[in-house]
Amino acid sequence: MSTRWTPKWKAIEIEYNNKKTVVCYDETTKLYVCPICSPNCAKGVSTDYSSYFFNLEDLKRHLDAHKEGFWLKKRIRSEEEEEESKISFGEEEGEEE
Ligand SMILES: [Zn+2]
């Protein structure tokens, strides 16, 4: 008995931000897959963990979120570094007293 769902991913081209972008589509389930989360799906490799979308609008919104996410990650990282240097500055000030 097998309940495993094996998607047959097909690489399709969509228009995203006026650029042709390859995403993966499963004809059986009618699901789209994010090419950033699943770079291997275009090669027909099925993925266990990914982001699935029922329509292209949702997928495009997800691609937008990727861009913002990468930008936010960089920003959070530099803020953390700043905080660390602030802490060491505070320690130096304390020694002077
Ligand atoms: Zn994604």
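One helix and four strands: that is the secondary structure of the protein chain, and the model I am showing is a predicted one. Going along the sequence, the order of elements is β-β-β-β-α.

Now the strands. How are the four strands ordered in the sheet? They run S1-S2-S3-S4, the sheet is open, and the pairing is antiparallel. At the edges sit S1 and S4, and S4 covers residues 52-53. Each of these edge strands pairs on one side only. As a general reminder, strands of a sheet pair through backbone hydrogen bonds, and the arrangement can be parallel or antiparallel.

Next, the pair S1 and S2. S1 spans residues 9-16 and S2 spans residues 19-26. The two strands are antiparallel, with eight bridges between them. If you want to find the register on screen, take two positions in S1. Ile 14 faces Thr 21 of S2 across the pair, and Glu 15 stands opposite Lys 20, also in S2. In general, side chains along a regular strand alternate between the two faces of the sheet.

What links S1 to S2? The two strands make a hairpin, with two residues between them. Asn 17 is in that turn, and its phi is positive, at about 50°.

Last, the chain as a whole. The protein chain has 97 residues, and 11% of them are buried. As for contacts, consider those in the protein chain with a separation of 6 or more: 26% of them are between residues 24 or more positions apart.

Technical notes. Residues are numbered from 1 along each chain as its sequence is written. This is a predicted model: local features need pLDDT of at least 70, side-chain atom pairs count only at pLDDT 80 or more; totals for chains, interfaces and linings use all residues. Two strands pair if DSSP finds at least two bridges between them. A residue is buried if 20 or more other C-beta atoms lie within 10 Å of its own, exposed if 12 or fewer, and partly exposed in between; C-beta atoms are placed from the backbone. Two residues are in contact if their C-beta atoms, placed from the backbone, lie within 7 Å.
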